[in-house]
Amino acid sequence: MSTYNATAKQTESAGDPPPVSALPVTMKYGLPGFESLTRFALADVPDFAPFQMLLSEEEKSFSLLVLDIKTLPAENELLILANDLKVKGIRDASHRTLLVLKLDRLKKVFTVNTKAPIVIDMKDGSGRQMILDNPKLPVDYQLTKV
Amino acid sequence: MLVLTRKSGESFRIGSDVIIRILEVKGGHIKIGIDAPSEIGIYREEIYLKVVEENKAALSALKDMDLLKELKKLF
């Protein structure tokens, strides 16, 4: 899979980490809430591995912080999620499963959305945000207190 | 909005490859079956809207680097 330097493509602002490399990702149907955005780049966050950013090539202000499910401990809801994905055929090494990370400023906790993982087919760079119809999967699975 | 009246067992089609069939009408509930290509997402509206809300709320996570540094300590 090819990579390219996305540094020049991003608008840098104070406090934002500059991306160093990025993987092009195409999402035919966009993301829920951002259906018009179809071209993205998955970029590392320097000094903040394993976190990555999903950046829009079409809307420079769009960036989501994501975590690969493989970087999280295989327990509780994450096991349920992995099993649900297997049932849907997402099981081989050619896919990456990313969870969107959110900061709840009120509770001061980081959560990941286990109900709607972003699945990327590494063979062709296509991706989509799946929505799993399983009530055991929360949209705000808490990672930890900070 | 297009409004159609259908009885149990009847169906309607959206485009050439999406078929929606009324399977059962009982009390205040309607059970429907949907045949559609696998690449078309089919979601309960309230769940889709919840994911929209979560995605929009997640946009700001990268802005607070101090909190991100704290979270990084766990990895």
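## Reading a two-chain model

Author: Let's start with chain B: it has two helices and three strands. Keep in mind as we go that this is a predicted model.

Reader: Okay. In what pattern do the helices and strands of chain B follow along the sequence?

Author: Reading along the sequence of chain B, you get β-β-β-α-α. As for its build, the radius of gyration is 21 Å, well over the 11 Å that the globule rule gives for 75 residues, so chain B is more spread out than a compact globule. You can see that in its C-alpha trace too, which spans about 60 × 30 × 25 Å along the principal axes.

Reader: What share of the residues in chain B is buried?

Author: Of the 75 residues in chain B, buried ones make up 11%. Now look at the contacts in chain B with a separation of 6 or more: residues 24 or more positions apart account for 0% of them.

Reader: And chain A, how many helices and strands does it have?

Author: Chain A has one helix and nine strands, in the order β-β-β-β-α-β-β-β-β-β. Of its 146 residues, 32% count as buried. Among contacts in chain A between residues at least 6 apart in sequence, 45% join residues at least 24 apart.

Reader: Can we try one residue? Is A:A22 buried or exposed?

Author: Burial here is a matter of counting neighbours: 20 or more other C-beta atoms within 10 Å make a residue buried. A:A22 has 23 C-beta neighbours inside 10 Å, so it counts as buried. You'll find A:A22 in strand β1 of chain A, residues 22-26. For a sense of distance, take A:A22 and A:I120: they are 98 residues apart in sequence and 14 Å apart in space, C-alpha to C-alpha.

Reader: Now helices. Why do residues three or four places apart point the same way in an α-helix?

Author: An α-helix has 3.6 residues a turn, so residues at that spacing point the same way. Our case is helix α1 of chain B, residues 45-58. Its 14 residues reach 20 Å from the first C-alpha to the last, close to the 20 Å expected at 1.5 Å a residue.

Reader: Which residues of α1(B) are buried?

Author: They are B:V51, B:E54, B:N55 and B:A58. Look down the axis of α1(B) and these buried residues fall within an arc of 100°, so they line one face of the helix. On the other side of α1(B), B:E45 and B:E46 are exposed.

Reader: What covers the buried residues of α1(B)?

Author: The cover includes β4 and β5 of chain A, which takes us to where the chains meet. People often give the size of an interface as the accessible area lost when the parts come together. Here we can count residues instead: 28 residues of chain A are in contact with 26 residues of chain B.

Reader: Which strands of chain A each supply at least two residues of the side that touches chain B?

Author: Those are β4 (63-68), β5 (95-104) and β9 (141-145). β5(A) gives the most, with four residues. By type, the residues on the side of chain A that touches chain B divide into 19 nonpolar, six polar and three charged.

Reader: Last one: what scores does the predictor give the complex?

Author: The complex gets an ipTM of 0.81 and a pTM of 0.81. Where pLDDT is low, the predicted coordinates should not be read in detail. In this model, chain B averages a pLDDT of 89, and 96% of the residues score at least 70.

Methods. Residues numbered from 1 in each chain as written. Chains lettered and ligands numbered in written order. Predicted model: local features only at pLDDT ≥ 70, side-chain atom pairs only at ≥ 80, totals over all residues. Contact = placed C-beta atoms within 7 Å. Nonpolar A, V, L, I, M, F, W, Y, C, P; charged D, E, K, R; others polar. Expected span 1.5 Å × (residues − 1). Buried ≥ 20, exposed ≤ 12 C-beta atoms within 10 Å, placed from the backbone. Arc of directions from axis to C-beta. pLDDT = per-residue confidence, 0-100. Rg over C-alpha atoms; globule rule 2.2 N^0.38 Å.
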